[in-house]
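Let us take a walk through a protein model together, one stop at a time. Keep the 3D view open so that you can find each residue as we reach it.

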Amino acid sequence: MRAKHRHALPGFGLTLGVCLAYLGLIVLLPLAALAWKSASLGAGEFWAIVTAPRALAAYRVTFGCAALAGLVNLVFGPLLAWVLVRYRFPGRTLVDALVDLPFALPTAVAGITLTALYASNGPLGRALEAHGWKIAYTPSGITVALVFVSLPFLVRSVQPVLEHLEPDVEEAAATLGAGRLTTLWRVVLPTLWPAILSGFALAFARALGEYGSVIFIAGNMPMVSEIAPLLITAKLDQYDYAGATAIALVLLAGSFATLLALNLLQLVTVRRRSAGSA
Amino acid sequence: MSAPRLASNALRDPWWLRLPLLMLALAFVALFLVLPLLAVFGYAFEKGVDFYFASLVDEDARAAIRLTLLVTAIAVPANTLFGIAAAWLITRFSFPGRGLLLSLIDLPFAVSPVIAGLIYVLLFGAQGLFAPWLAAHDVKIIFAVPGIVLATIFVTFPFVARELIPLMQAQGSEQEQAAITLGAGGFAMFWRVVLPKIGWGLGYGVILCNARAIGEFGAVSVVSGHIRGLTNTMPLHVEILYNEYQRTAAFAVASLLALLALATLALKQLVGWRMRRATPADGTHA
Amino acid sequence: MSIELSAIEYRYRDATALAGIDLAIESGELLALLGPSGCGKTTLLRTIAGLEFPDRGRVRFEGRDVTALSARKRHVGFVFQHYALFNHLTVFENVAFGLRVRGWFRRPRRAELERAVSELLELVQLGEFARRYPAQLSGGQRQRVALARALAVEPQILLLDEPFGALDARVRADLRRWLRGLHDRIHVTSVFVTHDQEEAFELADRIAVMNKGRIEQIADPETLYTHPANPFVCRFLGEVNELPAALHARWTGIDDERVVAFVRPHDLEFSAGEGGARVEQVRDLGANMRVEVRHPALAQPLVAVWERSRFARSGLAPGRSVAVSAQRQVLFRGDAPVDAAERAGNALRDILVTHG
Ligand SMILES: Nc1ncnc2c1ncn2[C@@H]1O[C@H](COP(=O)(O)OP(=O)(O)OP(=O)(O)O)[C@@H](O)[C@H]1O
Ligand SMILES: [Mg+2]
């Protein structure tokens, strides 16, 4: 008899059972339904649905706005992280806590608030439209909402790296005569890239699927300002389950590809780091 | 985390760099975070205090609040139990398929809430896989409370597990092993050793899970059917009011949710602070 | 309670930690597991405790097979290397833990429990610290709490994993003596892990020297030191000079030059004169002097450690030519010791250096 399959700590069977049952019921079974439904579509039919002009326009809006919002936060996320970690100013703790607001605030609340602010009768909307820039009910509005929801991802992935940055590298750069800007650009920023990119990927993946904060401000005009998640609900409202499933699969593929790319990136940087220290 | 040494001159940005960066960052925060937060309360009270409270005690609003509390009261404890079980399984045992399990736990983060709702519609909806069986037994899941609970559980189940797994990994299992060699059974070990050890981290995860469960919109919206007084949660009620041009009433209910969000942020800050303070006292684990 | 391990094998996914361990520990014995880092000491100890389950082999307590028994049911006291104290419990509650988690019928009454815990705290001299938390104790105090906690359940077997590993030298020495005294009083079968040979020698009745998942030798300290089973054991027990030597058979007159003489630094003798060797360096170690001598035929310098007075009498100084000899040595041919019978029939003709 091999005793090896015993564990020193109790609870293996119980927790394994709980996890498998829970995951099976909550995740695997429903996802299997997704596969089942899409299998009921023929390949040609599937292709026709996912490449319909309205669907293509929806991908363009979804991926485009998500990328744009990610780029905005690519600048402001690390900036905010830097200010929070390195500067001392009154209200710093408050700002630090507020960064998580988009995580904590229900997306519908964010959605109606941003809409009210940026609509043409809202305070910001009025001011911007005076300069000929219409935000609400256009892709710009979608981008604004996505900037809001994805901001914490970038701040929170860069912040811990900055906190644990060894000061000696910067000090060394300073003693070598580098100016502060040069040091930031050539010494600090390169060490932050992996964190920035992983934050970007998480933000992008989240923005692809975002629904609540976007639909109010988007205007939801097919071909112009309709996002893919909304297209799914639109198809569901018409009881077009197969169509909804097909679009959902494309959207899922987008998120998975993003997260897969992120994992690969992390693998590469981990490997490079450990090779560097060896 | 405490700030790194700020004393060193080499780490200080000169004022001509500090000032603009600080201003830019604060302006961004003001525009994107502070202003929306204030706007929620501003719009909520734009027709005065009486109207505000009238909106909250409205029949449908009260039903929505009750439903949200009910759903949260089911989803959060369920996910807490699952989170503890999953964290124990993943950090205390090695077994084939562990990595796969870990990625399955993360899965809901990669799935759009709308899709989370859709998959349950495909299973339990009128044309769903189980539709015949459900019809035969007169069980309603979609456009009813069970569907809302399921969808909420789906989108919130990673939170507790995600918080506990790194924590328990870092803490190691020596105290648990010590408890076992002292004759403790699984139950005694859990109550007397594991739970006190993970307490703050668990609280942190529960807070996040709770916030998301209360505020979930997309997934719930797909499975709810928006039946007033029956299947409307608070966020859905906000949507309906807003779409019916009852903006002030919508913001009144929204302000409750915003208050909950603020409470969540405060609690999160507090628990995070306690957790960081508790960690060095563990001493034995680097 | 006696412990008997037979043919224990244990593999981690990518490493063999135990490669066939046979070990019998008598009741009441204090045994040291000594070996270099990574040789499997902790794994072996955990196997005895039931915290790991071996791939092959049996564990018996007092003849009873406990191989498949869980740690909970083995009633073994285990002291972890980093103590694993319950940080959220006071010292008192840490020690009381094992009593509180007993089954309802075997649980002591309150007064009884308090008396038992207080007695134990007195035993480990921590009576006044009962209300403190582990974070408020020094390393040595934590160590003693861990010990008291393990003893509270009155184990028949006590296992300690590098019990003094995390302490500084002074505390270590004190605690070591104290533990020996404790063992002499309570006589619980004890196994402790260490990679410090001095600690093993001072404390243990017997020492098992481990290497790469095997036991190289198990013996009392005296035997281990005077009759190491192989070069590994000899080297592991402290600094040693390895000198090529020749064994001269009296009857046949043939020299066997495959033997190596292992000579401890304080057994090495230098006498002034032309021996081909030259004093290279002298270091003051405080109580002793360390002399390094270079011989052209050897890659490594020879090292002698002498008391100051002996060094002063010898009149050695750097640069002096010397002849080398040994007061005492252990001979190995390959991995096998040259045994006493063979030594009697042969003469150790020369240690290489003297005829160099
Ligand atoms: N969890 C593990 N996974 C894989 N290999 C392990 C694990 N634990 C130990 N090992 C390997 O098993 C071997 C024996 O380890 P063990 O901890 O028993 O050594 P040790 O003698 O106690 O060492 P030390 O003196 O450093 O504590 C080592 O080669 C080690 O690398
Ligand atoms: Mg060890």
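Our starting point is Thr189(C), which sits in strand 8 (residues 189-194) of chain C. Keep in mind from the outset that this is a predicted model. Is Thr189(C) buried or exposed? Its relative accessible area is 1%, and because buried means under 20%, Thr189(C) counts as buried. The side chain of Thr189(C) has partners there: it reaches the backbone oxygen of Met1(C) at 2.8 Å. The side chain of Thr189(C) also reaches the backbone nitrogen of Gly28(C), at 2.9 Å.

Now zoom out to chain C as a whole. Chain C has 356 residues, and buried residues make up 51% of them. Its secondary structure comes to eleven helices and 19 strands. If you drew a box around the C-alpha atoms of chain C along the principal axes, that box would be roughly 80 × 45 × 35 Å. How confident is the predictor here? Chain C averages a pLDDT of 88, and 96% of its residues score at least 70. For the model, the scores are ipTM 0.89 and pTM 0.87. A word of caution is useful when you look at any prediction: where pLDDT is low, the coordinates should not be read in detail.

Next, find ligand 1. Which residues are around ligand 1? They are Tyr12(C), Ala17(C), Ser37(C), Gly38(C), Cys39(C), Gly40(C), Lys41(C), Thr42(C), Thr43(C), Glu162(C) and His195(C). Sorted by class, this shell has three nonpolar, six polar and two charged residues. The largest share of the shell, three residues, comes from helix 1 (residues 41-49) of chain C.

Some of these neighbours make contacts that you can trace atom by atom. A polar side-chain atom of Ser37(C) lies 2.5 Å from an oxygen atom of ligand 1. With Gly38(C), the contact involves the backbone instead: one of its polar backbone atoms is 2.8 Å from an oxygen atom of ligand 1. Gly40(C) also uses a polar backbone atom, at 3.0 Å from an oxygen atom of ligand 1. How much of ligand 1 does the protein bury? Taken alone, ligand 1 exposes 640 Å², and the protein buries 61% of that.

Let us turn to charged side chains. How many salt bridges are there over all chains? The count comes to 35. One of them is in chain B, where the side chains of Glu176(B) and Lys197(B) meet with N and O 2.7 Å apart. Glu176(B) belongs to helix 9 (residues 174-181) and Lys197(B) to helix 10 (residues 186-215) of chain B, so this pair links distant parts of the chain, 21 residues apart. Both Glu176(B) and Lys197(B) are buried.

Chain C has salt bridges too. Glu280(C) pairs with Arg294(C), with the closest N and O atoms 3.3 Å apart. Because Glu280(C) lies in strand 13 (residues 268-284) and Arg294(C) in strand 14 (residues 288-294) of chain C, the pair ties together parts that are 14 residues apart in sequence. Glu280(C) is partly exposed at 41% relative accessibility, and Arg294(C) is partly exposed at 32%. Another salt bridge joins the side chains of Glu93(C) and Arg100(C), at 2.8 Å from N to O. Here Glu93(C) counts as partly exposed at 23% relative accessibility, and Arg100(C) is partly exposed at 26%. You can also look for a network of salt bridges that links Arg172(C), Arg176(C), Arg177(C), Asp196(C), Glu199(C) and Glu202(C).

Our last stop is the backbone. Most residues other than glycine have a negative phi. Tyr137(A) is not a glycine, yet it has a positive phi of about 65 degrees. You will find Tyr137(A) in the loop between helix 7 (123-130) and helix 8 (139-163) of chain A, where it is partly exposed at 37% relative accessibility. His75(C) is not a glycine either, and its phi is positive at about 55 degrees. This residue, His75(C), is in the loop between helix 2 (71-74) and strand 6 (76-79) of chain C. His75(C) is partly exposed, with a relative accessible area of 48%.

How values were computed
Residues numbered from 1 in each chain as written. Chains lettered and ligands numbered in written order. Heavy atoms only, no water. Salt bridge = Lys/Arg side-chain N within 4 Å of Asp/Glu carboxyl O. Helix = DSSP H or I, 4+ residues; strand = E, 2+ residues; numbered from the N terminus. Buried < 20%, exposed > 50% of the residue type's maximum accessible area, 1.4 Å probe, protein only. Near = heavy atom within 4 Å. Polar contact = N/O pair within 3.5 Å; in protein donor to acceptor, adjacent residues only side chain to side chain. Areas by Shrake-Rupley, 256 points an atom, 1.4 Å probe, with all protein chains shown as cover. Nonpolar A, V, L, I, M, F, W, Y, C, P; charged D, E, K, R; others polar. pLDDT = per-residue confidence, 0-100.
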